[in-house]
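Me: Let us go through the salt bridges of this chain. Short answers, please.

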Amino acid sequence: MSSSSHPQVLAEESRDPRVVRSRAAILRAAADLLIESGASAVTIGGISERSGVAKTTIYRQWKSRSQLVFDAFESLLAPATHISESGPIRQQLEALLIPLVRGLTSSEWALAVPALVDASERDPEMRQLLRGFLAGRKENGRSTLRAAMARGELRPDLVVDEAVTMLIGPIYYRRLVSGETLDERFVAEIVDQFLRGAARTS
């Protein structure tokens, strides 16, 4: 699958209501297939049949099937949570993690996560897309921790990237591996444990 359109043409098409409608229908169909049967079931033929959009239109809008599958996955995700720069770090961290827990337990996105992770194990392009997605979603955490370090709430020698992984890693582990309960109480436990080691003591 390749995109032959000039960027300016694509920008103009993106404002066309017909293109907007067809894109939404394609993403909805692809997301449904991803949730129901996994990434391997998200084929151009299947999407075309379910969405009613011609295959040629789908090929024109996406450079690869992997990108289309990933865009369908992202379309299910709520926008990243904005974290207020005021308030104690404990409150900010809980505000960062609770929406993630809710998203992983009570949304269509939660149903699509295992399928995408599984696909990324076999598809190098999907793996790269997923890594980029995770890096971007971690930025809220990075900025929150850096601000708390600047305020003197956290240790100045804290390694920010590792700290973010310590906060979100247990959540993904429970969702994808152990199947243990994911709730706000667990978020509080994660934050408590993190702050025991990361909070500035003097």
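The questions below deal with charged pairs and their exposure.

Reply: This is a predicted model, where local features need pLDDT of at least 70, side-chain atom pairs count only at pLDDT 80 or more, and totals for chains, interfaces and linings use all residues. Residues are numbered from 1 along each chain as its sequence is written, and side-chain values use heavy atoms, with hydrogens and water left out.

Me: How many salt bridges does the count come to?

Reply: Side chains of opposite charge can pair when their charged atoms come close. A salt bridge here is a side-chain nitrogen of Lys or Arg within 4 Å of a carboxyl oxygen of Asp or Glu. By this rule the count is 13.

Me: Which parts does the pair of Asp192 and Arg90 tie together?

Reply: The closest N and O atoms of Asp192 and Arg90 are 2.2 Å apart, a salt bridge. The two residues lie in helices (DSSP runs of H or I, at least four residues, numbered from the N terminus). Asp192 is in residues 184-198 and Arg90 in residues 89-105, so the bridge links parts 102 residues apart in sequence: helix α11 and helix α6.

Me: Is Arg174, the partner of Glu180, buried or exposed?

Reply: Glu180 and Arg174 form a salt bridge, with closest N and O atoms 3.6 Å apart. Buried means under 20% relative accessible area, exposed over 50%, partly exposed in between (1.4 Å probe, protein chains only). Glu180, at 42%, is partly exposed. Arg174 has 17%, so the term is buried.
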